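Here are some questions and answers on a structural model. The sequence and structure come first.

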Amino acid sequence: MGNETVVSVSHLTKQYRKGVRAVDDISFSLREGEIFGLLGPNGSGKTTTILMLLGLLESTQGSVSILGNDPFRTPLAVKQQVGYMPDTIGFYEYMTAYENLDYTARFLGLDAEQRRQRITASLTKMRLSSRMNDKVRTFSHGMKRRLGLAELLVKQPKIAILDEPTQGLDPQSIVEFLSLIASLRESEGMTFLLSSHQLDEIQSVCDRVGLFSRGKLISFGTVAELGKLHFGSDVLINLQAEGPTDLLPLLKTQQGVLSVEREEEHTYLIKAEKDIRSSLAQAVIGSGCNLSSLELKQHSLNDIYQLAFKEASNEQT
Amino acid sequence: MNKREGSALTGLKVVWLKEMQDYAGNIRMIVLMLLIVLTAGASMYVAAQTLRTYVGEDSFMLLNLFTIGKDPIPSFLSFISFLVPLTGIALGFDAINSEYQNRTLGRILSQPIYRDVLLFGKAFGAVSAMAVMLLALWLLVIGCAMFFLGVPPSGEQIARAMAFYVVTLLYSLLWYMVGMAASIMFRQSAVSALLAIALWLFFMIFWPMIAQLLAYALGGGDSFTTAKLEVVLGRVSPYRLYIESALAILNPSTRSLGIVLFSQLQGAIMGSALPFGQSMLLIWPHLTAFLATIILLFSLAYVLFQRKEIRM
């Protein structure tokens, strides 16, 4: 991941005529080669933000800079370098996969040979080369998603914006799709902005995330940073031990421990001020118990998400 | 106000060619074309049989082929005036909403083009497809006329037939624009098709009746005023504009399209043909009205489309 800022959003606001603020004064930036996740429930302003980034929707206030270009003033320069896969991607069903990609590739000003090379290569990469001359109407949902990614590859954008990219995919396809994104970042150096409400998959692939609620960006950072921000501690310790005595009172009295929860009969989740695994190990072994596991656990994005939205709704009420 | 950079026409050729290809291979277009060829062929054959006995007596024999029918088959012009609006509507009613329904709009507009290009490209594609279709029909008619009548057409007849072609193209374009505007107003293509067909039926069947009633109501009992009003109100209908224009072109003896006073006929040689230029002057207001309506409808479609949300 580079240090160059490729997307910069400052105080971006979109207010509709009826006074509804779909996006309310958001600011964030993306670094080159980063995978960034925009999270939030339906209607929280993710797609509106994406459309403004692409210059397809005019902002009411604020500014956006994509690779130094303003998407509204110079939309063609932005669209030339940004690939977009909408949440509900569609292709001309009566055309073949190749024809569909060739149609959009023509907008890029490529000659016939360049188009042929890029389309063939990208379809091969997406494992669709054997189906390139088949009509898209014969494609499954997952294949259409892969075709969407193939279209991005033909464009060779510096930034790829994927709106709900895993929507409607089966678990196996989701895993494949996310690994494709990760490999594209490695091989092509592309920057990705993913919008989703599938938290597990976002956590598995994103470097940083932004949490959206009612048009506002309520949190922004790495999962660890967000955990620290919302839970007040960045250390969760998972401990498994069996023994003659109940470990719960013992663990609670250890220095640095904030709280202890019994998750299963011999499993405890300890919230601590810092990493105190060595002192915990000594205490458990000293009490005559068998320590079988002691690992540092990160707050799950799901926990952070739930808490952040709870906090946000409390603030708003 | 922010000013956009880059040409608004970037990518126009790509959309135009794709749309023209789509329209040409469109099953609706093929069915309508077959229908037109079959019906027009029948009326041409009947007209040619009737006219064969008069070969050499009429210097505008070829043009009569377009206007003469024989019970129960109507004239070529009647068929065309009925089927051409249907063709325009059939091509336009889902021009934009199909992009929403197929979820292709966001993907296409995220390419380096302005959204104007999609509208222009679709309109140009449709015009080109209809122009090619009507030209093929036009050539077929001229060819059949020469085959059946055995007389080559004169230069003026060709010019008049060409003018008829242009008027028919404008008429079809007008109905395409109605369909296109409806396709932007409504997300469901069935609704846009219904609206366009309802407008077509209204102007073809109901408006002449309404115009007559209005003329009687507003005429104040004066028969001349009533008749004049009926003509003026009737011309609100594109169907009437088209029929009047076609008759003025195809029937060179047509000297006026409105009410003719006896004083105006003084010195006129009844039944004599008007020169081509004079016939064109006669329909010039009609052509202007067609063009103005097309531009108005396109502007409406343009504004509606620019204000439309991209998201599905």
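**Chain contacts, cores and domains**

Q: How many residues of chain A are in contact with chain B?
A: The model is predicted. A contact here requires C-beta atoms within 7 Å. On the chain B side 21 residues take part, and on the chain A side the number is 25.

Q: Which helix of chain A gives the most to the side of chain A that touches chain B?
A: At least two residues each come from helix 1 (46-53), helix 2 (75-81) and helix 3 (97-106) of chain A. The top contribution is four residues, and it belongs to helix 2 of chain A.

Q: How many residues on the side of chain A that touches chain B are nonpolar?
A: This side of chain A includes four charged residues and six polar ones. The nonpolar residues number 15.

Q: Which helix gives the most to the largest nonpolar core?
A: This core holds 157 residues, and A:Ile161, B:Leu65 and B:Met177 touch the most other members. Beyond four places in sequence, the contacts of B:Met177 are B:Gly92, B:Ile294, B:Leu297, B:Phe298 and B:Ala301. With 17 residues, the top contributor to the core is helix 8 (residues 155-185) of chain B.

Q: How many residues make up the second, separate core?
A: Among its members are A:Leu247, A:Leu251, A:Tyr268 and A:Val284. The size of this second core is twelve residues.

Q: How many Å apart do the C-alpha centres of domain 1 and domain 2 of chain A lie?
A: The domain assignment places domain 1 of chain A at 5-227 and domain 2 at 235-298. The distance between their C-alpha centres is 43 Å.

Key:
Residues numbered from 1 in each chain as written. Chains lettered and ligands numbered in written order. Predicted model: local features only at pLDDT ≥ 70, side-chain atom pairs only at ≥ 80, totals over all residues. Domains from an automatic or database assignment. Contact = placed C-beta atoms within 7 Å. Nonpolar A, V, L, I, M, F, W, Y, C, P; charged D, E, K, R; others polar. Core = buried A, V, L, I, M, F, W, Y, C linked by C-beta atoms within 7 Å. Buried ≥ 20, exposed ≤ 12 C-beta atoms within 10 Å, placed from the backbone.
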